[in-house]
Amino acid sequence: KDVIPPLEHPMVEKEGYLQKAKIADGGKKLRKNWSTSWIVLSGRKIEFYKDSKQQALPNMKTRHNVESVDLCGAHIEWAKEKSSRKSVFQITTVSGNEFLLQSDIDFLILDWFQAIKNAIDRLPKN
Ligand code: I3P
């Protein structure tokens, strides 16, 4: 039998901690501010949480701390020149939001890059 996930809980493909810096919002440059983020990849979006416990909270009051990123039409690329840190890649959304993601653990950041790239490639471009 097929297992159909409830609409509000789409199938999670990957989750874990990475370093995150949002560097543009709607095309407007932001001051770079790295912080640890709990990252959840599912279907057509990525969600950034403060930590893993926050993800489980159904309370709508906690929702303002969650940033949801639409991967439809998004771009992903390694961004060596955007940081002094090692292994940094950038996600750019259609809406002009730019995020840098980073980890010092090579296999971990490679896995994330591939998982997000696969998700983007599966989606329609608009
Ligand atoms: C930034 C901070 C960032 C650094 C950034 C600095 O300074 O040190 O960690 O990015 O470099 O400007 P501040 O906290 O004063 O804003 P990286 O760690 O990614 O190198 P940048 O300006 O070259 O991006």
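# A walk through the aromatic pairs, the ligand site and the loops

By the rule used here, which pairs rings whose centres lie within 6.5 Å, the count comes to five aromatic pairs. Keep in mind as you read that the structure above is a predicted model. A pair of aromatic rings is described by two things, the distance of the centres and the angle of the planes.

Let us begin with Phe-48 and Phe-99. Their ring centres are 5.0 Å apart and their planes meet at 45°, and the pair is tilted. This pair links distant parts of the chain, with Phe-48 in strand E4 (residues 45–49) and Phe-99 in strand E8, 51 residues apart. Are these two rings buried or exposed? Buried means under 20% relative accessible area. Phe-48 has 2% relative accessibility, so it counts as buried. Phe-99 is buried too, because its relative accessible area is 0%.

Now turn to Trp-78 and Phe-89. Here the ring centres are 5.6 Å apart and the planes stand at 90°, so this pair is edge-to-face. Again the pair links distant parts of the chain: Trp-78 is in strand E6 (residues 75–78), Phe-89 is in strand E7, and eleven residues separate them. Phe-89 counts as buried because its relative accessibility is 0%. Trp-78 counts as partly exposed, because its relative accessibility is 36%. These two residues also belong to one aromatic cluster, together with Phe-113.

With those strands in mind, step back to the whole chain. The protein chain has two helices and eight strands. If you read along the sequence, the pattern is β-β-β-β-α-β-β-β-β-α. The chain has 126 residues, and 40% of them count as buried. Its accessible surface comes to about 8,000 Å², and carbon and sulfur atoms account for 54% of that. What share of the contacts with a separation of 6 or more comes from residues 24 or more positions apart? In this protein chain, the share is 50%.

Strand E8, which you met through Phe-99, also holds Glu-98. Glu-98 counts as buried because its relative accessible area is 15%, and buried means under 20%. The side chains of Glu-98 and Gln-90 are joined by a polar contact of 3.4 Å. Which other residues does Glu-98 touch, once neighbours within four places in sequence are left aside? Besides Gln-90, the contacts of Glu-98 are Ala-21, Lys-22, Ile-23, Ala-24, Lys-29, Ile-91 and Thr-92.

Two loop residues are worth finding next. Val-94 sits in the loop between strand E7 (88–92) and strand E8 (98–102). Val-94 counts as exposed because its relative accessibility is 63%, and exposed means over 50%. Even so, with neighbours within four places in sequence left aside, Val-94 is in contact with Cys-72, Gly-73 and Ala-74. You can also try locating Val-94 relative to Lys-14: their C-alpha atoms are separated by 22 Å, and the two residues are 80 apart along the chain.

The other loop residue is Ser-87, whose place is in the loop between E6 and E7. Ser-87 has a positive phi of about 50°, although it is not a glycine. Ser-87 is partly exposed, because its relative accessible area is 22%.

Finally, look at the ligand. Which residues surround it? They are Arg-31, Lys-32, Trp-34, Ser-83, Ser-84 and Arg-85. By class, this shell has three charged residues, two polar ones and one nonpolar one. Three of the side chains in the shell can be followed to oxygen atoms of the ligand. An N or O atom in the side chain of Arg-31 is 2.8 Å from an oxygen atom of the ligand. For Trp-34, a polar side-chain atom also lies 2.8 Å from an oxygen atom of the ligand. For Arg-85, a polar side-chain atom lies 3.3 Å from an oxygen atom of the ligand. Taken alone, the ligand exposes 510 Å², and the protein buries 46% of that.

Note on methods:
Residues are numbered from 1 along each chain as its sequence is written. This is a predicted model: local features need pLDDT of at least 70, side-chain atom pairs count only at pLDDT 80 or more; totals for chains, interfaces and linings use all residues. Side-chain values use heavy atoms; hydrogens and water are left out. A residue is near a molecule or strand if one of its heavy atoms lies within 4 Å of it. A polar contact is a pair of N or O atoms within 3.5 Å; within protein, one must be able to donate a hydrogen and the other to accept it, and residues adjacent in sequence count only if both atoms are side-chain atoms. Accessible areas come from the Shrake-Rupley method with a 1.4 Å probe; for residues, only the protein chains shown count as cover. Ala, Val, Leu, Ile, Met, Phe, Trp, Tyr, Cys and Pro count as nonpolar, Asp, Glu, Lys and Arg as charged, and the others, Gly among them, as polar. Helices (H or I, at least four residues) and strands (E, at least two) are DSSP runs, numbered from the N terminus. Buried means under 20% relative accessible area, exposed over 50%, partly exposed in between (1.4 Å probe, protein chains only). Contact means heavy atoms within 4.5 Å. Rings of Phe, Tyr and Trp (its six-membered ring) pair if their centres lie within 6.5 Å; planes under 30 degrees apart count as stacked, over 60 as edge-to-face and the rest as tilted.
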